[in-house]
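Let's take a walk through this structure together, one region at a time. Keep the sequence and the model side by side as you read.

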Amino acid sequence: MQFRNFKMVSYVVYGRGSFNQLDEILAPQRKVDAPMIFFVDHFFEGKALPNRIPLRGKDKIIFVDVTYEPKTTQVDALAQQLKAEFGMVSGIIGIGGGSTMDLAKAVSLMMTNPGSSADYQGWDLVKFPGVYKAGIPTLSGTGAEVSRTTVLTGPTRKLGMNSDFTPFDQIVLDPELTKDAPANQRFYTGMDCYIHCIESLEGNFINEFSKSYGEKALQLCQDIFLGKKPWTDEHDDKLMMASYAGGMSIAYSQVGVAHAVSYGLSYLLGTKHGIGNCIVMNHIEEYYPKGVAEFKQMVANNDIFIPEGICKSLSDEQFEAMINVSLGMKPLWENALGKNWEQIMTREKLRALYEKL
Ligand code: NAD
Ligand code: ZN
């Protein structure tokens, strides 16, 4: 198909307190003798939020460990566990940051698709729709709530299960849920959104569809992060919509240099997505001069710590591994640098960039 036929999230609720509507939202999705499973970010264990989850019958809360970003082995184990315990489930609801939402998407797909989730890392490999799935972000920025992918680290690569079956059936955008996020984490994840906007708007794949969302998300990020202002509810409201719009922007275009380079860091060193993008963004003024200058201003205004020197003791072999992962992200490089990107981003040039980080 010449034009992307873009599968979107089916239902969206937005508003402070909309989480309270969850019972009503889920009721029509419940099947007889098949529980709803709630994947809740382990940060919330022992906190008030789990008590607000509308459990019915055999419904179950599973606190998911997101110390490391989702792995195919973790997804497969969770799907196995649910199949063994319940046979089938009515749905999977992911309540947390991008990692928890991605786990919910991936496990939903693995409830109905045979084999391992590693078999489906790539584009349009998923064969069957998963079980019903809903995403409820507690951090804003990744756009995982709207995307058609779930990013997983597998045995040989870090790559998403990109498919028309991957987007959520429902998302609940309640900015109240992001209120207790620590300032550093909120910034790193928020910058994922800012960087999505810069990479999308400055990329070769840009079109009016992506631009409309990207410009709005960028403006919201600038409202939030430029200048020194105390954090308010309004910031949480805006950042949640920025994440949504930023996600919509890249869904119809592509990300670029910061993401391509940070995927290498994440694969080798386990550097998390948000902070990894920030570490790279700090050093790529050559590609995004205005965006990087503004990013640095945001870092300073919000008193955020961005690590430096994380690659300084790596071996040649390790640099090679990161370079391989990064250069494998062909569409990202093509979006950023054009069809001749391989002549521009040589292995030597990329090595020099990694050495600076
Ligand atoms: P995260 O989900 O990895 O969580 C980061 C940390 O914040 C964790 O320790 C978590 O416990 C904690 N946390 C979550 N909500 C909190 C809250 N309200 N208060 C306090 N702590 C909270 O972080 P993220 O940046 O949202 O997500 C990154 C993940 O998203 C990566 O795995 C990345 O690959 C994925 N991602 C997916 C897509 C997609 O389209 N599917 C896009 C971008 C990123
Ligand atoms: Zn991202």
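Before we start, one cut-off will help: a residue is called buried under 20% relative accessible area, exposed over 50%, and partly exposed in between. Bear in mind, too, that this is a predicted model.

A good place to apply that scale is the pair formed by aspartate 164 and arginine 148, whose side chains meet in a salt bridge, 2.9 Å from N to O. The two come from distant parts of the chain, 16 residues apart: aspartate 164 sits in the loop between strand S8 (158–162) and strand S9 (170–173), and arginine 148 in the loop between strand S6 (132–137) and strand S7 (151–153). Aspartate 164 has a relative accessible area of 35%, so it counts as partly exposed. Arginine 148, at 14%, is buried.

Both of these residues belong to a stretch that carries an annotation. In an unreviewed entry, UniProt places the feature "domain: Alcohol dehydrogenase iron-type/glycerol dehydrogenase GldA" at residues 12–175. Over residues 12–175, helix makes up 20% of the chain and strand 24%, while the C-alpha atoms at the two ends are 13 Å apart.

Now let's turn to the other salt bridges; the structure holds 18 of them. In one, aspartate 237 pairs with arginine 16, with the closest N and O atoms 2.9 Å apart. This bridge joins distant parts of the chain, 221 residues apart: aspartate 237 lies in helix H6 (residues 233–251), and arginine 16 in the loop between strand S1 (11–14) and helix H1 (22–26). Aspartate 237 is partly exposed at 22% relative accessible area, and arginine 16 is partly exposed at 32%. There is a further partner here, as Arg16, Asp233 and Asp237 are linked in a network of salt bridges.

Another bridge brings together the side chains of lysine 296 and glutamate 285, again at 2.9 Å from N to O. Lysine 296 is in helix H9 (residues 289–301), glutamate 285 is in the loop between helix H8 (273–281) and H9, and eleven residues separate them. Lysine 296 has a relative accessibility of 34%, so it counts as partly exposed; glutamate 285, also at 34%, counts as partly exposed.

What about the interior? In soluble globular proteins, nonpolar side chains tend to be buried together. Here the largest nonpolar core has 57 residues, and Tyr194, Ile284 and Trp333 have the most contacts inside it. Helix H4 (residues 183–201) gives the most to this core, contributing eight residues. A second, separate core has 36 residues, including Ile62, Phe86, Ala106 and Val131.

Which residues does tryptophan 333 touch, leaving aside its neighbours within four places in sequence? Its contacts are Val257, Ala260, Val261, Ser326, Leu327, Gly338, Trp341, Met345 and Leu350.

Val257, Ala260 and Val261 lead us to helix H7, where they are among the buried residues. H7 (residues 257–269) has 13 residues and reaches 18 Å from its first C-alpha to its last, close to the 18 Å expected at 1.5 Å a residue. The helix is mostly covered, with ten of its 13 residues buried. Beyond the three just named, the buried residues of H7 include His259, Tyr263 and Leu265. After H7 comes glycine 270, whose phi is positive, near 75°.

Terms used: Residues are numbered from 1 along each chain as its sequence is written. Chains are lettered from A and ligands numbered from 1 in the order in which they are written. This is a predicted model: local features need pLDDT of at least 70, side-chain atom pairs count only at pLDDT 80 or more; totals for chains, interfaces and linings use all residues. Side-chain values use heavy atoms; hydrogens and water are left out. UniProt positions are given in the numbering used here, feature names are shortened, and annotations may be inferred rather than shown by experiment. Helices (H or I, at least four residues) and strands (E, at least two) are DSSP runs, numbered from the N terminus. A nonpolar core is a set of buried Ala, Val, Leu, Ile, Met, Phe, Trp, Tyr and Cys residues joined through side-chain atoms within 4.5 Å. Buried means under 20% relative accessible area, exposed over 50%, partly exposed in between (1.4 Å probe, protein chains only). Contact means heavy atoms within 4.5 Å. A salt bridge is a side-chain nitrogen of Lys or Arg within 4 Å of a carboxyl oxygen of Asp or Glu. The expected span of a helix is 1.5 Å times one less than its number of residues.
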